[in-house]
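Dear colleague,

Please find below the structure that I am handing over to you. My notes on what was found in it follow directly after it.

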Amino acid sequence: MASPPALPWAARLGRPLRIWRVVILLLVGLWWDSRRWTYPEGWSAERLARRRRRQARWLTAEFLGLGSAFIKLGQILSARPDVFPAEVVEELAHLQDRVPAFPFPVVEQILAAELGERRHEIIDLELEPLGSASLAQVHRASLRSGRQVVFKVQRPGLEPLFRLDLEVLQQVAAAVQRHPRWGRGRDWVGIAKECRRVLLRELDFRLEAEHAARFRQQFLDDPGIRIPAVVWELGSRRVLCLDYVPGIKITDRAALVTAGLDPAAVAEKGAASYLQQLVRFGFFHADPHPGNLAVAADGALIYYDFGMMGQLSERLRSRIGRMVRLAAGRDAAGLVAELQQAGVIAGGIDLGPVRRLVRLMLNEALTPPFKSNVLEKLSGDLYSLVYDQPFRLPPELIFVMRALSTFEGVGRSLDPGFSLMAIARPYLLPLMTASGNGPNDLLNELSRQAADVGSRALGIPRRLDESLARIEQGDLQVQIRAGETDRLLRRLALAQQSAGQAFLLGGLAVAAALLAASSRPVLVTVPLLLGLPLGLGWLKLQARLKRDGRIDQLPGR
């Protein structure tokens with residue numbers, strides 16, 4: 001196949017300027033919104049959230065305007081709540097690419113170039129596409145064998161544009177990484193490389209065909225789940241051919257009722273199928289929005305679009321099993337320790353606020369009656385906690401939470417009494433026992449913990465006797481480290497230092513005013529020069545106080 005044509009020089013010059021403009025405006029906007037003095041009516045969490053939602057809508061519109069690579073980039077960044085605020089992440093998660101279709105003669109040219117003689121197997125290709133997105137569009141067709149299929153045809157000229165956009169993004173990441181504040185604690189260059197890897201894989205439809213075949217294999221024995229089969233002989237790097245499997249859009253409740261289907265049963269089947277993907281297979285659909293889900297006439301659930309798939313490794317599934325077990329026991333301290341061992345939480349930080357938030361989340365999620373939007377609320381709390389804090393959530397877990405939240409929303413639209421937590425109960429026990437060597441792992445773990453508690457209990461009298469002897473001898477030393485107290489004392493010291501500097505600045509301001517009204521106004525420069533470094537130091541103190549104050553805004557304070 002011939003190499004993709006090079007971009008014209010105007011695009012190679014104008015495209016980077018347009019991308020850098022968006023990046024600079026975004027960074028300036030994030031900085032501006034984080035400064036409390038930019039709020040004329042006074043700063044509040046609600047006003048900050050309003051600004052961020054407005055900025056998120058602007059960023060989504062800019063990504064849509066920049067086209068294919070940035071639409072996919074937005075979907076990837078929506079799995080990184082440690083990079084952007086929660087409002088931006090949630091808006092990017094809903095980024096849907098709906099663009100005008102490209103001309104039908106171009107579709108025929110691509111099919112001829114990609115399929116060669118195999119193109120003659122297609123006898124009826126519909127002019128109007130079933131759907132059109134930034135990456136490709138889909139046309140229904142008939143084959144000589146009578147088989148009804150759909151062709152997913154990639155837009156022309158995408159690869160050179162993708163490569164140029166990714167090259168500019170690498171430059172942006174390198175520049176941001178060198179910044180002393182924005183680059184601290186984040187691997188922007190690594191994120192850019194991961195985006196490059198994922199986006200270039202999106203251009204190869206042969207990988208999507210492999211995903212679809214593997215996903216279909218998982219549900220071959222389940223008549224309630226339907227995945228289109230791949231027509232391998234009519235596929236290539238830029239063309240994907242699948243069986244045509246029509247259905248009713250899963251959110252069209254009226255159409256489901258008209259077809260004689262029970263919306264509540266459809267909602268339960270969708271949630272159960274996704275939980276099965278996570279618990280049993282570890283290979284799951286990472287983008288199950290309502291446009292990629294349909295219901296067949298017999299009630300079977302249909303999945304479409306396999307470009308974004310996720311995979312949970314055995315190690316991650318085992319760790320999730322331990323987390324589920326700790327969550328079921330409402331062991332907030334143990335769960336936080338497990339998260340820290342998994343690398344989700346950085347070491348050397350004050351874990352008190354984290355434990356409080358985890359305890360609140362567990363009470364919210366595990367206390368009956370279960371609220372209908374519990375996962376949506378938990379996702380929002382988690383996103384707010386992660387941003388600008390020492391947390392690193394694996395993207396797979398974010399995709400899992402978002403997909404479960406999507407199913408929760410779909411279920412509520414079909415059945416007001418839908419409860420994902422109730423449906424998930426039968427799937428939690430296999431996940432808990434999957435972290436060991438067999439179904440007896442849970443009992444073994446309980447036995448181990450009981451033996452550990454017993455050995456500790458037997459040692460208590462001896463330790464008490466030793467402690468009393470040391471008290472009598474006067475050599476018992478007690479060391480106490482209270483993370484909350486240390487933090488509050490540090491904030492108090494900073495506040496006192498800030499107040500002292502404010503008094504000095506006020507005195508210098510008064511001196512400057514008196515000298516300006518005196519017979520020698522030139523001397524006003526002396527207090528002004530003295531106040532300049534003092535004022536900069538005061539601003540830095542305010543920034544440190546604001547950074548420490550973010551912990552106080554966590555739920556449960």
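In these notes, a residue is called buried under 20% relative accessible area, exposed over 50% and partly exposed in between, with a 1.4 Å probe and protein chains only. The model is predicted, so local features need pLDDT of at least 70 and side-chain atom pairs count only at pLDDT 80 or more, while totals for chains, interfaces and linings use all residues. Residues are numbered from 1 along each chain as its sequence is written, and side-chain values use heavy atoms, with hydrogens and water left out.

Overall composition

The protein contains 19 helices and eleven strands; these are DSSP runs, numbered from the N terminus, of H or I over at least four residues for helices and of E over at least two for strands. Of its 557 residues, 45% are buried. Contact here means heavy atoms within 4.5 Å. Of the contacts between residues at least 6 apart in sequence, 67% join residues at least 24 apart. The protein exposes about 29400 Å², and carbon and sulfur atoms supply 59% of that area. Accessible areas come from the Shrake-Rupley method with a 1.4 Å probe, and for residues only the protein chains shown count as cover.

Salt bridges

A salt bridge is a side-chain nitrogen of Lys or Arg within 4 Å of a carboxyl oxygen of Asp or Glu. A search of the whole structure returns 13 of them.

One of these joins Asp 165 and Arg 15, at 2.7 Å from N to O. Asp 165 belongs to helix α6 (residues 158-177) and Arg 15 to helix α1 (residues 9-33), so that the pair links distant parts of the chain, 150 residues apart. Both Asp 165 and Arg 15 are buried.

Helix α1 also takes part in a second pair, in which the side chains of Glu 62 and Arg 21 meet at 3.5 Å, N to O. Since Glu 62 lies in helix α2 (residues 45-66) and Arg 21 in helix α1, this salt bridge ties together parts 41 residues apart in sequence. Glu 62 is buried at 14% relative accessibility, whereas Arg 21 is partly exposed at 41%.

A third pair consists of Arg 237 and Asp 204, whose closest N and O atoms are 3.4 Å apart. Arg 237 lies in the loop between β5 and β6 (239-243) and Asp 204 in the loop between α7 (188-202) and α8 (205-218), so parts 33 residues apart in sequence are tied together. Arg 237 is partly exposed at 22% relative accessibility, and Asp 204 is buried at 11%. In addition, a network of salt bridges links Lys 152, Glu 208 and Asp 305.

A four-stranded sheet

Four strands form an open sheet with mixed pairing, in the order β5-β10-β9-β7. Its edge strands, β5 (225-226) and β7 (248-249), each pair on one side only. Two strands count as paired if DSSP finds at least two bridges between them. Strands β9 (residues 293-295) and β10 (residues 301-303) are antiparallel and share three bridges; Leu 293 has Tyr 303 in β10 as its bridge partner. Helix α10 (residues 263-281) lies across β5, β9 and β10, at about 50° to β10. Such angles run from 0 to 180 degrees between N-to-C directions, with axes fitted to C-alpha atoms, for helices over the stretch in contact.

Yours sincerely
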